[in-house]
Amino acid sequence: MDSGEGAVFGAVEPPRRSRGRLILHGMVMFGREFCYAVEAAFVTPVLLSVGLPRSLYSLVWLISPILGFLLQPIIGSASDYCRSSWGRRRPYILTLGVLMLLGITLFLNGDAVISALVIDRSVRSIWAIVLVMFGVVLFDFAADFIDGPIKAYLFDVCSHQDKERGLHYHALLTGLGGAFGYLVGAMDWGHSIMGQLLGSEYQVIYFFSALTWSIFLTVHLFSIPEQPLGKDPSTFDPSPPSALRLLGSHSNGYGALANKEPVSPVVPASVPDLRPRSFSALGEANSVTSSAKQPNKEAQKRMTFRSMMKAIINMPSHYRCLCVSHLLGWTAFLCNMLFFTDFMGQIVYNGDPYADHNSTAYATYERGVEVGCWGLCINAVSSALYSYVQRFLLPYIGLKGLYFMGYFVFGMGTSLIGLFPNIIATLILCSVFGVMSSTLYTIPFNLIAEYQREEEELMKLGGSNGSQRGTGVDCAALTCMVQLAQIIVGAGLGALVNMAGSVIVVVLSASTVSLLGCIFIALFIRNVD
């Protein structure tokens, strides 16, 4: 059955899916990354253009990661128990998708709406800043949280083989979505027919973003039907009840953080073990609760922020070192990416975001932002290409070598951009951003997979029946490092720019942190064969 309605979550291996359905399922990642690219390219220019002080413009990144850091496990747990007739994940995906659309609407149109409603210039500026900031925070919150239910939806409705294929399409469409998003941002829409028709280039970019996201979200939601939780599967699947009971007791997902009494059911030889033998690094990377299993209720009740922090603190030292290196890498990457277009407009092109919108200085700044979008488009393409190059380099330098190389190349490239801000050289060196991006999204999770494989083999050799560390909690720890990096960047970078008096400190800070990450990887990250 292609509908997958015969599958019981956590009990029966779902049927195989066609390539077309998996691609349709992954189209949401294209739309999400398209909107993310638009936000990354324009959030700082938009905030500065509405009058946000330079010392405060990085604080907009603080609220969303703090909420994510605290609430991600709780919301993931809630989706596991959703009993909607439409399934467990899709109601959350739809809700978060609508919030994303509302957020990007306020972000790109807030200034125009307030300008039309408020006459007083000082009051108009204050309300424009508030509305745009609220839109950015709302979009970030929804876009960050939606990835977990998307991955869980894929894992719920696909067999283990199709999960790997589906995640491959997710990665491919994510890269393409980012490239197209930056490409749209790089075009000069202000003097086009659409720009004149819709009012400004921001409205044109909003039109493409809203249209892309609405279409691909709808396609995703109807790509593969989802089995509602608690629905009797007997009318759909003739599987023996004994097999369902036995397989239903296997709970090794993220919820199993601290099983005090692990259950080891005896499965007869006639009943195949349908648990997945491995996990896909990319699939687990951004999903705290991405699991093909339905966690038991006792474990699920314990899946709170407190229990997750306890599990992170008690993890083995090589996992903690991996978290620290991941934090350094994401701090460096976000320092550069979130303010790169502003760097291009102010430093490379010598524009002024605070100038009057009809002035030459502001037009020069906008031109720098557009060229910066071309640079970020190069980043997206190079990230997709480097993900394939990694496969050829892996047998020669190993995972630790790839990890070190990604940080080193990024650190050297950003230092050259900061020291020699030339237009052509900067665009060429944008390719190193893609090397870092691909490294951060793959290598740490591959290392986790190898660490857990080693633990599995040791448990088999030792004959231990104890519960193995859950993959989910380790991936959740890495995800928290991404959000913690956002908090660090949001809290500190604005003050740093204000003290230095120039945004060039952003690129140099990224380079410094990345090179520190190289040293940390060389000294503390444990290699695997």
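Modeller: A nonpolar core is a set of buried Ala, Val, Leu, Ile, Met, Phe, Trp, Tyr and Cys residues joined through side-chain atoms within 4.5 Å. Keep that in mind as we look at this predicted model.

Colleague: Happily! Which residues touch the most other members of the largest nonpolar core?

Modeller: That core has 131 residues, and Phe 42, Phe 107, Tyr 182, Leu 447 and Ile 525 touch the most other members. Helix α1 gives the most to this core, with 17 residues.

Colleague: What does Leu 447 touch, leaving out residues up to four places away in sequence?

Modeller: Leu 447 touches Leu 322, Leu 399, Tyr 403, Ile 525, Arg 526 and Val 528. One of these partners, Leu 322, belongs to α12 and meets α16.

Colleague: Good, let's stay with that pair of helices. What makes α12 roughly antiparallel to α16?

Modeller: The axes of α12 (residues 317–337) and α16 (residues 431–462) come within 10 Å and cross at roughly 170°. Angles over 145 degrees count as roughly antiparallel, so that is what α12 is to α16.

Colleague: And which residues of α12 and α16 meet?

Modeller: From α12 they include His 318, Tyr 319, Leu 322, Trp 330 and Phe 333, and from α16 they include Phe 433, Met 436, Leu 440, Tyr 451 and Glu 455. The residues of this contact divide into 14 nonpolar, six polar and one charged.

Colleague: Now a charged residue elsewhere. Why is Arg 32 called buried?

Modeller: Its relative accessible area is 8%. The cut-off for buried is under 20%, so Arg 32 qualifies. Arg 32 has its place in helix α1 (residues 19–49). Not counting residues up to four places away in sequence, Arg 32 touches Met 100, Ala 143, Ile 146, Asp 147 and Trp 213.

Colleague: What about the loops? Why does Gly 87 count as buried?

Modeller: Gly 87 is at 0% relative accessibility, and buried means under 20%, so the label follows. Gly 87 sits in the loop between α2 (63–80) and α3 (90–117). Its C-alpha atom and that of Gln 227 are separated by 5.5 Å, although these residues are 140 residues apart along the chain.

Colleague: And how do you know that Cys 430 counts as buried?

Modeller: By the test of under 20%, a relative accessibility of 0% puts Cys 430 among the buried residues. Cys 430 lies in the loop between α15 (423–429) and α16. Leaving out residues up to four places away in sequence, Cys 430 touches Phe 340, Gly 375, Ile 378, Asn 379 and Ser 382. The C-alpha atoms of Cys 430 and Leu 376 are separated by 6.8 Å, with their positions 54 residues apart along the chain.

Colleague: Stepping back, what does the secondary structure of the protein come to?

Modeller: It comes to 18 helices and zero strands. Buried residues make up 55% of the 529 residues. Among contacts with a separation of 6 or more, 84% come from residues 24 or more positions apart.

Colleague: Where is confidence lowest, and where is it highest?

Modeller: It is lowest in helix α8 (residues 241–248), at a mean pLDDT of 32, and highest in helix α18 (residues 504–524), at 94. The protein's mean is 76, with 75% of residues reaching 70 or more.

Colleague: Over which residues does pLDDT stay under 50, with 139 contacts beyond four places in sequence in the model?

Modeller: Those are residues 232–302. Residues 1–11 also stay under 50, and for them the model has 36 such contacts. Where pLDDT is low, the predicted coordinates should not be read in detail.

Conventions: Residues are numbered from 1 along each chain as its sequence is written. This is a predicted model: local features need pLDDT of at least 70, side-chain atom pairs count only at pLDDT 80 or more; totals for chains, interfaces and linings use all residues. Side-chain values use heavy atoms; hydrogens and water are left out. pLDDT is the predictor's confidence in each residue, from 0 to 100. Helices (H or I, at least four residues) and strands (E, at least two) are DSSP runs, numbered from the N terminus. Contact means heavy atoms within 4.5 Å. Axes are lines fitted to C-alpha atoms, for helices over the stretch in contact, and angles run from 0 to 180 degrees between N-to-C directions. Angles under 35 degrees count as roughly parallel, over 145 as roughly antiparallel, 65 to 115 as roughly perpendicular and the rest as oblique. Ala, Val, Leu, Ile, Met, Phe, Trp, Tyr, Cys and Pro count as nonpolar, Asp, Glu, Lys and Arg as charged, and the others, Gly among them, as polar. Buried means under 20% relative accessible area, exposed over 50%, partly exposed in between (1.4 Å probe, protein chains only).
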